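Thank you all for making time this morning. I would like to walk you through a structure that may be new to most of you, and I will take it one region at a time.

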Amino acid sequence: MSRRSFREILRLLLLQGAGKFAARGQPSRSPRSLLLIRPDHLGDVLFLTPALHLLRRALPEARITLLVGPWGLEAVRDNTDLDDVVICPFPGFERRPKTSFVAPYRLLWAQAQALRGRGYEAAVVLRFDHWWGAWLAAAAGIPLRVGYDVPEVRPFLTHPLPYQPDRHEVEQNAALLGALAGGLPASLGPLRYRVRPEDRAWAAGRLAEVGIGAQDRVVAIHPGAGAPVKQWPAEAWALVADALAARLGVRFVLTGAASEAPLTQAVASLAAGPMVNAAGRTTLGQLAALYERCAVVLGSDSGPLHLAAAVGAPTVRLYGPVSVGKFGPWGEPARHIALATPWACAPCHRLDWPAEALTDHACVAAIRPQDVVAAAERFL
């Protein structure tokens, strides 16, 4: 275990002090109003959906509210296992530079006041290290607070549970939610996301515009990722596309956020054949509909690859600094292939390397294009 820095020790002492003032409620196995706190982005929100579905079945009369960042809202739209979704711009998850030392605490106080009076009997902090969310639940006066038994989070919890680092995050979520319902069934289902008919119609129309018909096989490539260290080189994606096009005659769609358009354009310019570049041109629902139409979706470890799995598309995904065991594909094993870097130091779970250090940490680039081609061919 790495030694804590002075700043980390000081923060822990402050959190322990603040936690002494948190009210303590009596645990209940059948709370009537629940607040689930999930600050993360697309993939982690989708990881919640299998356990959430079982929780709804276990507590059909309970009112279940999910507190998410604005970046996670679309992942749970139309989710019938939720009664309400509340937005919170969680500090540290905006993917932009910090603006003020005191801003997170001002937001915590304001958000706690907004949550008070809503009658929540229990809160679940679903991210293992999210002390801010645990403090928020305590400051809001929620009597039962469930989360992981880690030093920064523990002071604010009434019901700390062990965090198992080698367990998949879908199963971690089930362990936490099961504490509210006397346990959940071991047979967790798939990730859940409903594709709207209008999004399905949009995808069909968009493909038809570029001459892709209902009988054509489509492969999507999502080259981006939430952290640059998880990305595979653009030239490697182009090599894969050229090989698949030459052997199997498939058509390609490139996907990504608007900020990833330069990356998808680089892949398109390096590939020999034409590609539909949809980066920055879809809503999340339209992206899901495109993936639903695909014979296979290729990409680095990222939220959109989990979205593809949620709508039933086979996937081939590349892993470097992140553990396949914890964050790998969730679904029918025969429909998803995870290729991990051969580097012995992986997974390190270090994602914040500066740009100038990325060449020394190019573990994903060690995955060979021919291995990606072979994996994709299994679905084609």
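Before I point at any helix, let me say what the word covers here: helices are DSSP runs of H or I with at least four residues, and they are numbered from the N terminus. Please also keep in mind throughout that what you are looking at is a predicted model.

With that in place, let me begin at helix α10, which spans residues 303-310 and holds H306. Is H306 buried or exposed? Its relative accessibility is 3%, and because buried means under 20%, H306 counts as buried. If we set aside the neighbours within four places in sequence, the residues in contact with H306 are G43, L46, F47, L191, D301, R317, Y319, F327 and G328.

From α10 it is a natural step to helix α9, since α10 is among the elements that cover the buried residues of α9. The others that I can name in that cover include α2 (42-58), α6, β7 (218-222), β8 (251-254) and β10 (296-300). How many residues of α9 are buried? The count is eight of its nine, so that α9 is mostly covered, and the buried ones are L284, G285, Q286, L287, A288, A289, L290 and Y291.

One of the elements in that cover, α6, deserves a closer description. Helix α6, residues 197-209, packs against helix α9, residues 284-292, at an angle of about 65°, and their axes are 8 Å apart. The crossing in which α6 passes α9 is right-handed. On the α6 side the residues that take part are D199, R200, W202, A203 and L207, and on the α9 side they meet G285, Q286, A289, L290 and E292. Sorted by class, this contact of α6 with α9 contains five nonpolar residues, two polar ones and three charged ones.

Let me turn now to a sheet. It is an open sheet of six strands, and if you follow the strands across it you read the order β3-β2-β1-β4-β5-β6, with parallel pairing. At the edges we find β3 (84-87) and β6 (159-161), each of which pairs on one side only. Neighbouring strands in this sheet are turned against each other by 20° on average, with direction ignored. To look at one pairing in detail, strand β2, residues 63-68, runs parallel to β3 and is joined to β3 by four bridges, and V68 stands opposite I87 in β3.

The loop between β2 and β3 contains D78, and this residue has a positive phi of about 65° although it is not a glycine. D78 is partly exposed, with a relative accessible area of 32%. There is another residue of this kind further along the chain, namely H349, whose phi is near 60°, again a positive value in a residue other than glycine. H349 lies in the loop between β12 and α12, and with a relative accessible area of 38% it is partly exposed. That loop, between β12 (336-340) and α12 (369-377), also holds P347, which is joined to A346 by a cis peptide bond with omega of about 0°.

My last topic is the aromatic rings. A pair of such rings is described by the distance of the centres and the angle of the planes. How many aromatic pairs are there? The count comes to nine. One of them is formed by F101 and Y105, a tilted pair with 5.9 Å from centre to centre and 50° between the planes. Within this pair F101 is exposed, at a relative accessible area of 65%, whereas Y105 is partly exposed, at 32%. Y148 and Y163 form an edge-to-face pair, with 4.8 Å between the centres and 75° between the planes. This pair links distant parts of the chain, as Y148 sits in strand β5 (residues 144-148) and Y163 in the loop between β6 and α5 (169-178), 15 residues apart. Y148 counts as buried at 1% relative accessibility, and Y163 is buried as well, with a relative accessible area of 18%. Finally, F101 and Y105 come back in one aromatic cluster, which they form together with W131, W135 and F156.

Key. Residues are numbered from 1 along each chain as its sequence is written. This is a predicted model: local features need pLDDT of at least 70, side-chain atom pairs count only at pLDDT 80 or more; totals for chains, interfaces and linings use all residues. Side-chain values use heavy atoms; hydrogens and water are left out. Two strands pair if DSSP finds at least two bridges between them. Helices (H or I, at least four residues) and strands (E, at least two) are DSSP runs, numbered from the N terminus. Axes are lines fitted to C-alpha atoms, for helices over the stretch in contact, and angles run from 0 to 180 degrees between N-to-C directions. A crossing is left-handed if the near helix is turned anticlockwise from the far one by less than a right angle, and right-handed if clockwise. Contact means heavy atoms within 4.5 Å. Ala, Val, Leu, Ile, Met, Phe, Trp, Tyr, Cys and Pro count as nonpolar, Asp, Glu, Lys and Arg as charged, and the others, Gly among them, as polar. Buried means under 20% relative accessible area, exposed over 50%, partly exposed in between (1.4 Å probe, protein chains only). Rings of Phe, Tyr and Trp (its six-membered ring) pair if their centres lie within 6.5 Å; planes under 30 degrees apart count as stacked, over 60 as edge-to-face and the rest as tilted.
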